[in-house]
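Student: I would like a close look at a single part of this protein, namely its interior packing, and at how the surroundings of that part are held together. Could you take me through it in one connected account?

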Amino acid sequence: PAAPVTFRAHLWDHPDLPRWLRFAQRDPGQPGFLYGCPLAPELGTHSVQVLAQNRRSFATASQRLLISVAPAPGGDAPFQAEFLVGNRNVEELLPEAAREMFLQASAGVWERGDLHIINITSALDRGGRVPLPIEGRREGVYVQVGSHSPFSPCLASAVSPQSRSRCHRGQRPLASCYDTFAPHFSIRWCNLTLQRGDPKDEGQTPITTHRPQGWSPGLTFRAQTPMKGGRTPLMGDRTPQKRGPKSACPLSRSLQLLHHSSIHGDTRELRFMAGSRDVPRPLSTLPMFNVRTGQRINPMLGARDGARVPLL
């Protein structure tokens with residue numbers, strides 16, 4: 001079996017990655033993914049250094065990747081829908097097979113075939129909470145899908161005012177179609193957002209990745225890093241994806257405002273819960289006498305008699 005390898009990625013001669021590019025690796029036994037959604041200012045070539053460390057032999061290796069960002073030839077998709085997948089982590093939706101499966105499920109509710117994934121974002125990057133360490137719990141993933149075709153009546157009904165009202169009451173929103181995402185993807189329909197953009201807008205920037213010494217075409221890139229005891233693949237997304245409006249890739253300032261608002265909201269919720277404590281106090285916090293009658297235990301009695309005195 002391949003040795004466990006830990007990957008690290010950063011800009012060449014810089015300690016961090018650019019703000020639009022992210023790296024994910026769940027544990028040393030799984031591949032690492034470089035993914036992101038650049039904006040118009042990120043046009044050009046970005047040099048990324050990937051470091052790999054063998055966790056058994058502690059051998060290290062380094063490789064340089066050139067990520068080229070260019071305008072999308074077809075322009076932005078004017079119709080974009082963002083789904084929240086509750087039963088997946090971000091690295092589980094980055095492989096090509098998982099993205100193709102999600103697009104097929106999206107085509108079933110959109111009733112269109114010209115769909116493509118614009119952006120994939122972990123729910124933790126959007127203010128979500130870390131799930132409890134219970135088997136089967138996932139962090140959640142926001143997947144943004146775009147098309148040049150209008151939304152289906154099913155999607156339009158899912159974001160209607162009637163559906164939003166049902167969501168506020170904790171009920172499932174209205175949907176006039178069969179849920180083709182089940183059972184592989186658990187969609188949080190109350191978090192569905194639809195947006196329309198101008199198809200003439202410019203600044204759409206897909207990501208293409210290549211190596212300096214030539215590169216074979218494909219939907220994903222694999223950088224084989226020679227390691228002691230075997231070769232470990234480094235996987236990353238290089239699908240030419242079209243980017244939506246600027247709201248599709250929230251900037252760091254927007255993320256800071258989102259986290260700030262989330263903290264204030266949680267604080268208000270805790271204060272509200274603390275102010276409405278109408279439950280009886282736990283027995284462990286009560287004094288050792290009957291708070292209703294004032295009766296106290298006689299310290300001179302033995303353990304046999306004292307155990308019969310009804311204190312609480």
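**The nonpolar core and its surroundings**

Tutor: Of the 312 residues in the protein chain, 40% count as buried, and I should say at the outset that the model is a predicted one. The chain contains 6 helices and 12 strands, and of the contacts between residues at least 6 apart in sequence, 69% join residues at least 24 apart. In soluble globular proteins, nonpolar side chains tend to be buried together.

The part to look at closely is the largest nonpolar core, which has 30 residues, and within which F83, F102, V143, F181 and W189 have the most contacts. At least two residues of this core come from each of the strands β3 (33-36), β6 (79-85), β7 (116-122) and β8 (141-147), and likewise from each of the helices α1 (90-93), α2 (96-110) and α3 (153-158). Helix α2 supplies the largest share, 6 residues. The core also draws on two domains, with at least three residues from domain 1 (5-71 + 251-274) and at least three from domain 2 (79-196).

A good residue on which to centre the view is F102: leaving aside residues up to four places away in sequence, F102 touches F83, V85, V143, V145, F181, F185 and I187. A second core, separate from this one, has 13 residues, among them L11, V50, A52 and I67.

One backbone feature deserves attention here, since A182 and P183 are joined by a cis peptide bond, with omega about 0 degrees. P183 is placed in the loop between α4 (161-168) and β9 (193-196).

Turning to the charged pairs, the structure holds 7 salt bridges, and several of them involve the loop between β7 and β8. R22 pairs with D125, the closest N and O atoms being 3.6 Å apart, and this links distant parts of the chain, since R22 is in strand β2 and D125 is in the loop between β7 and β8, 103 residues apart. R22 counts as partly exposed because its relative accessibility is 29%.

In a second pair, the side chains of R126 and E82 meet in a salt bridge at 3.0 Å, N to O, and here R126 belongs to the loop between β7 and β8 while E82 belongs to strand β6, 44 residues apart. E82 has a relative accessibility of 11% and therefore counts as buried, whereas R126, at 24%, is partly exposed; the cut-off for buried is under 20%.

A third pair brings D266 and R129 together at 2.8 Å, N to O; D266 lies in helix α5 and R129 in the loop between β7 and β8, so this salt bridge ties together parts that are 137 residues apart in sequence. D266 is partly exposed at 27% relative accessibility, while R129, at 62%, counts as exposed. Apart from these pairs, R26, E91 and E139 are linked in a network of salt bridges.

Helix α5 (residues 252-275) also contains M273, which joins L270 and F272 in making a nonpolar surface patch of about 370 Å². M273 itself is partly exposed, with a relative accessible area of 47%. For the chain as a whole, the accessible surface comes to about 18300 Å², and 55% of that belongs to carbon and sulfur atoms.

Terms used: Residues are numbered from 1 along each chain as its sequence is written. This is a predicted model: local features need pLDDT of at least 70, side-chain atom pairs count only at pLDDT 80 or more; totals for chains, interfaces and linings use all residues. Side-chain values use heavy atoms; hydrogens and water are left out. A nonpolar core is a set of buried Ala, Val, Leu, Ile, Met, Phe, Trp, Tyr and Cys residues joined through side-chain atoms within 4.5 Å. Buried means under 20% relative accessible area, exposed over 50%, partly exposed in between (1.4 Å probe, protein chains only). Helices (H or I, at least four residues) and strands (E, at least two) are DSSP runs, numbered from the N terminus. Domain bounds come from an automatic or database domain assignment. Contact means heavy atoms within 4.5 Å. Patches are made of residues with over 30% relative accessible area and no salt bridge: like charges are joined within 9 Å, nonpolar side chains (Val, Leu, Ile, Met, Phe, Trp, Tyr) within 5 Å. Accessible areas come from the Shrake-Rupley method with a 1.4 Å probe; for residues, only the protein chains shown count as cover. A salt bridge is a side-chain nitrogen of Lys or Arg within 4 Å of a carboxyl oxygen of Asp or Glu.
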